[in-house]
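Please open the structure in a viewer and set it to a ribbon display. This tour proposes a series of selections and describes what may be found at each.

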Amino acid sequence: MAQRISIGFQASPPLATRVSDDELDKLRGALGGEGWHDVVADDGEIRLNLQHVLWLRVEKDEQRVGFGIGS
C-alpha cells in the first residue's frame, strides 16, 4: 500500500510524494545518517541528501467511498 509522505528540508519547500511501506521503512532507517539516500516513489526516484532532511510526515489516508460522506 502506498503511503503519502512529506519531507522537510533546511532551505527549500517540503516535498510531497507517495512511497511503498518498504520504501518508507528504508527511509526511516536512513534518517539521521549522512550521505545520500535513494527513495523510489510512485512518481519517480528521489535522491536525498540526508544532512538536509529536517522532518518526515506520514499522512493518514482515510478510506472513503462516495461523495459527501460526513462524520
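## First stop: Val53

Select Val53 and display its surroundings in this predicted model. Apart from neighbours within four places in sequence, Val53 is in contact with Ile7, Gly8, Phe9, Leu31 and Leu48. Val53 also belongs to the largest nonpolar core, whose eleven residues are Ile5, Ile7, Phe9, Val19, Leu24, Leu27, Val39, Ala41, Ile46, Leu48 and Val53. Please select this whole set and colour it. At least two residues of this core come from each of strand E1 (2-9), helix H1 (21-30), strand E3 (36-41) and strand E4 (44-49). Which element gives the most to the core? It is E1, with three residues.

## The whole chain

Now return to the ribbon and follow the chain from its beginning. The protein contains one helix and five strands, and along the sequence they appear in the pattern β-β-α-β-β-β. Of its 71 residues, 28% count as buried. A surface display may be added here: the protein exposes about 5,100 Å², of which carbon and sulfur atoms supply 50%. As for contacts between residues at least 6 apart in sequence, 42% of them join residues at least 24 apart.

## Strand E1 and its partners

Select E1 next. This strand is mostly covered, six of its eight residues being buried. E1 and E2 run antiparallel and are joined by six bridges. A hairpin of five residues leads from E1 to E2. To see the pairing, display Ala2, which stands opposite Ser20 in E2, and then Ser6, which stands opposite Ala16 in E2.

E1 also pairs with E5: six bridges join these two strands, which run antiparallel. Ile7, already met as a contact of Val53, stands opposite Leu56 in E5. When looking along a strand, it is useful to recall a general rule: in a regular strand the side chains alternate between the two faces of the sheet.

## Gln3

Remain in E1 and select Gln3, which lies in this strand. Is Gln3 buried or exposed? Gln3 counts as buried because its relative accessible area is 18%, and the cut-off for buried is under 20%. Display the side chain of Asp21 as well: the side chains of Gln3 and Asp21 make a polar contact of 3.0 Å. Residues up to four places away in sequence being left out, Gln3 touches Thr17, Arg18, Val19, Asp21, Leu24, Val58 and Glu59.

## Helix H1

Select H1 and turn the view to look down its axis. Which residues of H1 are buried? They are Glu23, Leu24, Leu27 and Ala30. These residues lie on the same side of H1 because they cover an arc of only 125° around the axis. A general point helps here: an α-helix has 3.6 residues a turn, so residues three or four places apart point the same way. On the other side of H1, Asp25 and Gly29 are exposed.

What covers the buried residues of H1? The cover includes E1, strand E2 (15-20), E3, E4 and strand E5 (53-59). Before leaving the helix, select Gly32, which follows H1 and has a positive phi, near 90°.

## Asp43

Move to the loop between E3 and E4, where Asp43 lies. Asp43 counts as exposed because its relative accessibility is 63%, and the cut-off for exposed is over 50%. Display the side chain of Thr17 too: a polar contact of 2.9 Å joins the side chains of Asp43 and Thr17. Then select Arg18. Asp43 and Arg18 are 25 residues apart along the chain, and their C-alpha atoms are separated by 7.6 Å.

## Last stop: Asn49

Finally, select Asn49, whose place is in strand E4. Asn49 counts as buried because its relative accessibility is 17%. Residues up to four places away in sequence being left out, Asn49 touches Gly35 and Trp36.

How values were computed: Residues numbered from 1 in each chain as written. Predicted model: local features only at pLDDT ≥ 70, side-chain atom pairs only at ≥ 80, totals over all residues. Heavy atoms only, no water. Core = buried A, V, L, I, M, F, W, Y, C linked by side-chain atoms within 4.5 Å. Buried < 20%, exposed > 50% of the residue type's maximum accessible area, 1.4 Å probe, protein only. Helix = DSSP H or I, 4+ residues; strand = E, 2+ residues; numbered from the N terminus. Contact = heavy atoms within 4.5 Å. Polar contact = N/O pair within 3.5 Å; in protein donor to acceptor, adjacent residues only side chain to side chain. Areas by Shrake-Rupley, 256 points an atom, 1.4 Å probe, with all protein chains shown as cover. Arc of directions from axis to C-beta. Pairing = 2+ DSSP bridges.
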